Amino acid sequence: LYIALDLASESNVGQGRQATLEYAARIAASIARFTCYNNIRTRMTGAGSRNVEVDAGSGALQYQRILDELAVVDSDGSLPYASVLEDIATRTIDGETVLVFLSQQAGESIATVNALTLLRGKRVHIFAIVFERSSFIDVALPGDAPADAATAVLQELDAVCLRVRCGDDLVQLFNA
């Protein structure tokens, strides 16, 4: 499993524990716990002012490495998520699953779709968490990408897609 964090500042919406990055960190930690303790090699990356790079591994020590990184991530990056995904495409292995978090503005979505297409071309599986940005803020921001459009593109790419709204019970959502 390859966990791809989106640490671009404009991708994080909401406040405190009700922000998309906070949700992404909780989801990544939960999935990493499962994979690491089930002997599935897991790695993680993200581009912020402090880059995140955890090499592949499994077991309790690997899970702790991932938790340590997730504890200090911040959405202060300027590199577009599409660039992070393109870089991942050069390093993936056949059959690997990439966990992506989509919470960006519409202007970024075309480049991200191209990067996701590149990943699929590398025979990589995509597990996408699509955040409904409008649920994390009081009013819709100009240029917000509707979650429906992202979901439609992901379905075309045969990606597993899970839509997340602010306030969702993540345990119930993942067990449904």
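E132 is a buried residue, with a relative accessible area of 15%. It counts as buried because the cut-off is under 20%. Keep in mind that this is a predicted model. The side chain of E132 meets that of R163 in a salt bridge, with N and O 2.8 Å apart. R163 sits in strand β6 (residues 160-164) and E132 in the loop between β5 (125-131) and α5 (133-136), so the bridge ties together parts that are 31 residues apart in sequence.

**Salt bridges**

- How many salt bridges are there? The count comes to 8 salt bridges.
- R163, the partner of E132, is partly exposed, at 30% relative accessibility.
- Another bridge joins the side chains of E96 and R43, again with a distance of 2.8 Å from N to O. This pair links distant parts of the chain: R43 belongs to strand β2 (residues 42-46), while E96 is in the loop between α3 (81-91) and β4 (97-102), 53 residues apart.
- Are E96 and R43 buried or exposed? Both of them are buried.
- R91 and E53 form a salt bridge too, and their closest N and O atoms are 3.0 Å apart. Here helix α3, home of R91, is linked to strand β3 (residues 52-57), home of E53, and the two residues are 38 apart in the chain.
- R91 has a relative accessible area of 30%, so it goes down as partly exposed. E53 is partly exposed as well, with 41% relative accessibility.
- Which residues are joined into one network by salt bridges that share partners? They are E53, D87 and R91.

**Helix α1**

- Helix α1 covers residues 20-37, which makes 18 residues. At 1.5 Å a residue it should span 26 Å, and the end C-alpha atoms are indeed 26 Å apart, so the two values agree.
- Plenty of names turn up on the buried list of α1, including T20, L21, Y23, A24, A25 and I27. Further along the helix, the buried residues include I31, A32, T35 and C36.
- Just after α1 comes N39, which takes a positive phi of about 60°.

**Helix α3**

- Which residues of α3 are buried? They are Y81, A82, V84, L85, I88 and A89.
- These residues sit on the same side of α3, because they cover an arc of only 155° around the axis.
- There's a handy general idea to go with that: an α-helix has 3.6 residues a turn, so residues three or four places apart point the same way.

**The cavity**

- The count comes to 1 cavity of 30 Å³ or more, and the largest cavity holds about 60 Å³ of space.
- Its lining includes L5, D6, A8, S11 and N12, along with S75, F101, S103 and F131.
- Where does the largest share of the lining come from? Helix α1 provides it, with 3 residues. T20, L21 and A24 are among the lining residues, and they are also on the buried list of α1.
- By type, the lining divides into 6 nonpolar, 5 polar and 1 charged residue.

**A look at T112**

- T112 lies in helix α4, which runs over residues 106-121.
- T112 has a relative accessible area of 3%, so it is buried.
- T112 and L79 are 33 residues apart in sequence, and their C-alpha atoms are 12 Å apart in space.

Definitions and conventions: Residues numbered from 1 in each chain as written. Predicted model: local features only at pLDDT ≥ 70, side-chain atom pairs only at ≥ 80, totals over all residues. Heavy atoms only, no water. Salt bridge = Lys/Arg side-chain N within 4 Å of Asp/Glu carboxyl O. Helix = DSSP H or I, 4+ residues; strand = E, 2+ residues; numbered from the N terminus. Buried < 20%, exposed > 50% of the residue type's maximum accessible area, 1.4 Å probe, protein only. Expected span 1.5 Å × (residues − 1). 1 Å grid on protein atoms, 1.4 Å probe; cavity = no way out; pocket = protein on both sides within 12 Å on 5 of 7 lines; lining within 4 Å. Points joined across faces, edges and corners; volume = space filled by probe spheres on them. Nonpolar A, V, L, I, M, F, W, Y, C, P; charged D, E, K, R; others polar. Arc of directions from axis to C-beta.
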